[in-house]
Amino acid sequence: MQLADIRNLLQSPDDYAYFQTGGFSPKPQPVIDEVVRWMQFQARGPALMEVFEPVSKMLEDVRAEAAASINATPDEIMLNENTTIGINVVATGFDWQPGDIVILSDHEHPGNRIPWYNLVQQRGIQLRFLSMTNDEAELLGELDTFLAENPRLIAISHVSRRSGLRLPAKAIVQRAHEHGVPVLLDGAQAFGAVPVDVRDLDCDFYTFSGHKYIMGPQATGGFYVRKDRLVALVPSWVGSHSQKEMDMHGKLTLLDSARRFEFGTRNLADQAGFGYALRMWREIGWANVFDWLEAYTDQIKQALLTIPGLVLETPLAYAQSSGTVVFHIPGLAASDISRILLEEDRVLVSTLEFNPQSIRISTHVFNNEADCDRLINGIRRIAERQKEVL
Ligand SMILES: Cc1ncc(COP(=O)(O)O)c(C=O)c1O
């Protein structure tokens, strides 16, 4: 499979210029077919050995594929439904004491806020919010100030959903570890859009979605826990399949791997689709995807900069950014821009809660020149109308 094939595998890709992959991606037909194939196979009788065994093997193949995609080992991977689950595994896995400090950033998604806000209410922890500035030295300087307070954890995005900023994650982890502070990276906007190598990042935990840049089925994803961190994380939810050993009288030994967090009956056909999507990208070559995203977002940024009055919020340098481009036009509400783009141009972009002016464009390899023209022409027209009003 090649990059250029992806667009042709989508249902009616010309209907909309789809710039919403950072929310959810459209799904290639073979990913859907894989889900249906496994669902039909399982429906013959999930408990039949001739069904159960291939399904179990498939799940372990997906785990191996997910692990390889971030340079982890399979026993460090929990397969699950979304990024937020991994955040909750960490949030509920520590023995929190009143006054414990957790460092977040001011760009976090509700999924990386609410589990912590809940702990503020339930356990009396305290939060600090790192200001996500594009100025790396400033960002690391503020981090040093917070680290001096002896926090228990940093839980922060790898790529900001709010500005597309790619954080200096390796430097953050290094500084945190110098203070003995573990780091959870929220990879929802990074996984599939920028290289992720958990060994190189040296993070303790990494959580990611399959339904965004991987173009996997809705409600797929995973959570990485570094092997030596597993024992420190107390599982709050466990069940059948979490155990290595158990007896009828209360004896329990949990699995030595991140699989201990998976339990009960689950939708494994979706996981098969996730695995298919991961294999697809491996075949295409991750480097080809990242190079394409760099070239396309560079083109979009340069085109946006020609629109008078428009303010680009994403860093220009690609090493500091990703497939996401965020901008605003002073005086214009994001909700109006997105509505007009949808109604007049059939262009789908995102607005961001708590940021009434900013528009997020998430690009992916299925976007083409015509999408880019529709987007840029639409925004230019809206900006020009605004100038006439003023
Ligand atoms: C940075 C970030 N974290 C977490 C989430 C939540 O992802 P999920 O729905 O997979 O839990 C999102 C979703 O957009 C996100 O952008």
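Let's start at the ligand: 13 residues surround it, and Thr84, Asp186, Gln189, Ser209 and Lys212 come nearest, where a residue is near if one of its heavy atoms lies within 4 Å. Keep in mind that this is a predicted model, in which local features need pLDDT of at least 70, side-chain atom pairs count only at pLDDT 80 or more, and totals for chains, interfaces and linings use all residues. Residues are numbered from 1 along each chain as its sequence is written, and side-chain values use heavy atoms, with hydrogens and water left out.

By residue type, the shell around the ligand splits into one nonpolar, nine polar and three charged. Here Ala, Val, Leu, Ile, Met, Phe, Trp, Tyr, Cys and Pro are nonpolar, Asp, Glu, Lys and Arg are charged, and the others, Gly among them, are polar.

Now for the polar contacts with the ligand (pairs of N or O atoms within 3.5 Å). An N or O atom in the side chain of threonine 84 sits 2.5 Å from an oxygen atom of the ligand, and a polar backbone atom of threonine 83 is 3.1 Å from a ligand oxygen atom. On the nitrogen side, a ligand nitrogen atom is 2.5 Å from an N or O atom in the side chain of aspartate 186. Taken alone, the ligand exposes 390 Å², and the protein buries 90% of that (Shrake-Rupley areas, 1.4 Å probe).

Next, the sheets. Seven strands make an open sheet with mixed pairing, in the order E2-E8-E7-E6-E5-E3-E4. Strands are DSSP runs (E, at least two residues), as are helices (H or I, at least four), numbered from the N terminus; two strands pair if DSSP finds at least two bridges between them. Strand E2 (77–80) and strand E4 (126–130) are the edges, each pairing on one side only. Further in, E3 (residues 101–105) and E5 (residues 153–157) run parallel, joined by two bridges; valine 102 has leucine 153 in E5 as its bridge partner. Helix H7 (residues 169–178) packs on this sheet and touches E5 and strand E6 (183–186), its direction making about 160° with that of E6. Contact means heavy atoms within 4.5 Å, and angles run from 0 to 180 degrees between N-to-C directions of axes fitted to C-alpha atoms, for helices over the stretch in contact.

There's also an open sheet of four strands, antiparallel, in the order E11-E12-E15-E14. Strand E11 (311–312) and strand E14 (350–352) each have a single partner strand, so one side of each lacks a neighbour in the sheet.

Key:
Polar contact = N/O pair within 3.5 Å; in protein donor to acceptor, adjacent residues only side chain to side chain.
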